[in-house]
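Please open the model in your viewer, with the sequence panel beside it, and keep a selection tool at hand. The tour moves from the whole chain to single residues.

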Amino acid sequence: DVQAVLVDDLITGFETSLTIEFEAGYALSVSAEGNYQSTLNIESDFVTLTGKGGKLQVDSNGYTGTKAINVSGQRLDAVVTIENLFLEQVGNSDQGAVGIITESPLAAHVIRNNVIFGFGDYGVFSAHKTYLYNNTLTHNNNGVGLTSFTGEAYNNLSVHNLTSDYYRWLY
């Protein structure tokens with residue numbers, strides 16, 4: 001598929017969660033059509049995005065602020081899980097893109113067992129409560145970016161990133 005995806009306005013809860021699977025051989029490969037575009041924007045509560053062999057690719061196409069996965073707008077105590085995915089920036093990575101950005105101040109974000117490769121900005125940019133487990137982040141400009149980090153980070157392999165493997169930035 002080549003169209004950006006928006007997951008919003010779904011009635012989800014702890015017992016009525018939504019799971020989206022990227023099956024083997026499936027690729028969501030989107031070229032940005034403007035600045036600050038997200039390939040997959042998750043705005044619903046209690047969503048699990050899981051890879052079963054599929055991948056997500058983003059081409060910033062010369063635009064800035066491009067994101068592969070953007071998580072925002074969740075309510076208090078919601079949980080969004082992103083797991084077992086292969087994410088990569090294709091094309092010219094001089095125009096920065098972010099693999100996963102967590103922008104919801106009320107939700108918990110679980111990011112585990114992903115391979116995040118080649119992003120011109122950050123592999124993961126954690127702006128709020130995020131739990132990072134067992135991810136491989138390589139050949140990005142920055143592997144993991146943290147701002148006022150709450151949550152946990154265990155067993156992540158962040159190597160061969162251009163500027164930094166782990167970067168804490170408070171604003």
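What follows is a sequence of selections, each with a description of what is found there.

This is a predicted model, in which local features need pLDDT of at least 70 and side-chain atom pairs count only at pLDDT 80 or more, while totals for chains, interfaces and linings use all residues. Residues are numbered from 1 along each chain as its sequence is written, and side-chain values use heavy atoms, with hydrogens and water left out.

**The whole chain**

Begin with a cartoon of everything: the protein has 19 strands and 0 helices, where helices (H or I, at least four residues) and strands (E, at least two) are DSSP runs numbered from the N terminus. The radius of gyration is 14 Å, close to the 16 Å that the globule rule gives for 171 residues, so the protein is as compact as a globular protein of that length; the radius is taken over C-alpha atoms, and the rule is 2.2 Å times the number of residues to the power 0.38. Along the principal axes, the C-alpha trace spans about 40 × 35 × 30 Å.

If you colour by accessibility, 50% of the 171 residues count as buried, that is, under 20% relative accessible area, with exposed meaning over 50% and partly exposed lying in between (1.4 Å probe, protein chains only). A contact map would show that, among contacts (heavy atoms within 4.5 Å) between residues at least 6 apart in sequence, 58% join residues at least 24 apart.

**The open sheet**

Next, select the strands of the sheet that runs in the order 1-4-7-10-13-16-19, an open arrangement of 7 strands with parallel pairing; two strands pair if DSSP finds at least two bridges between them. Strand 1 (5-7) and strand 19 (164-168) stand at the edges with a single partner strand each, so one side of each is left without a neighbour in the sheet. Neighbouring strands of this sheet are turned by 10 degrees against each other on average, direction ignored, with axes given by lines fitted to C-alpha atoms and angles running from 0 to 180 degrees between N-to-C directions.

Now centre on strand 7, where 6 of its 6 residues are buried. Strand 4 is joined to strand 7 by 4 bridges in parallel, and Leu40 stands opposite Ile69 of strand 7. Strand 7 also pairs with strand 10 in the parallel sense, over 5 bridges, and there Val71 has Thr102 as its bridge partner. Towards the edge, strand 16 (residues 142-146) runs parallel to strand 19 with 4 bridges between them, and Leu146 is partnered by Arg168.

**Strands 8, 11 and 14**

Which strands pair with strand 11? Strand 8 is joined to strand 11 by 5 parallel bridges, and strand 14 (residues 130-133) pairs with strand 11 in the parallel sense over 4. Select Ile111 here, because this residue of strand 11 (residues 108-112) is the bridge partner of Ile82 and also has Leu132 of strand 14 as a bridge partner. 4 of the 5 residues of strand 11 are buried.

**The nonpolar cores**

Show side chains for Leu40, Leu49, Leu56, Ile69, Leu87 and Ile100, which have the most contacts inside the largest nonpolar core, a set of 27 residues; such a core consists of buried Ala, Val, Leu, Ile, Met, Phe, Trp, Tyr and Cys residues joined through side-chain atoms within 4.5 Å. Several strands each supply at least two residues of this core, including strand 3 (27-31), strand 5 (47-52) and strand 6 (55-59), and the largest share, 3 residues, comes from strand 7. Leu49 touches, among others, Ile20, Phe22, Leu40, Ile69 and Leu85, not counting residues up to four places away in sequence. A second, separate core has 5 residues, among them Val98, Ile101, Phe125 and Ala127.

**Aromatic rings**

The structure holds 4 aromatic pairs, meaning rings of Phe, Tyr and Trp (its six-membered ring) with centres within 6.5 Å, where planes under 30 degrees apart count as stacked, over 60 as edge-to-face and the rest as tilted. One of them joins Phe22 and Tyr26, edge-to-face at 5.3 Å centre to centre and 80 degrees between the planes. Phe22 is buried at 4% relative accessibility, whereas Tyr26, at 27%, is partly exposed. Then select Tyr131, Tyr133 and Tyr154, which form one aromatic cluster.

**A last stop in a loop**

Finish at Gln95, in the loop between strand 9 (86-89) and strand 10, where this residue is partly exposed with a relative accessible area of 27%. Gln95 lies 34 residues from Asn61 in sequence and 7.9 Å away in space, C-alpha to C-alpha. Beyond residues up to four places away in sequence, Gln95 touches Ser60, Gly62, Tyr63, Thr64 and Gln89.
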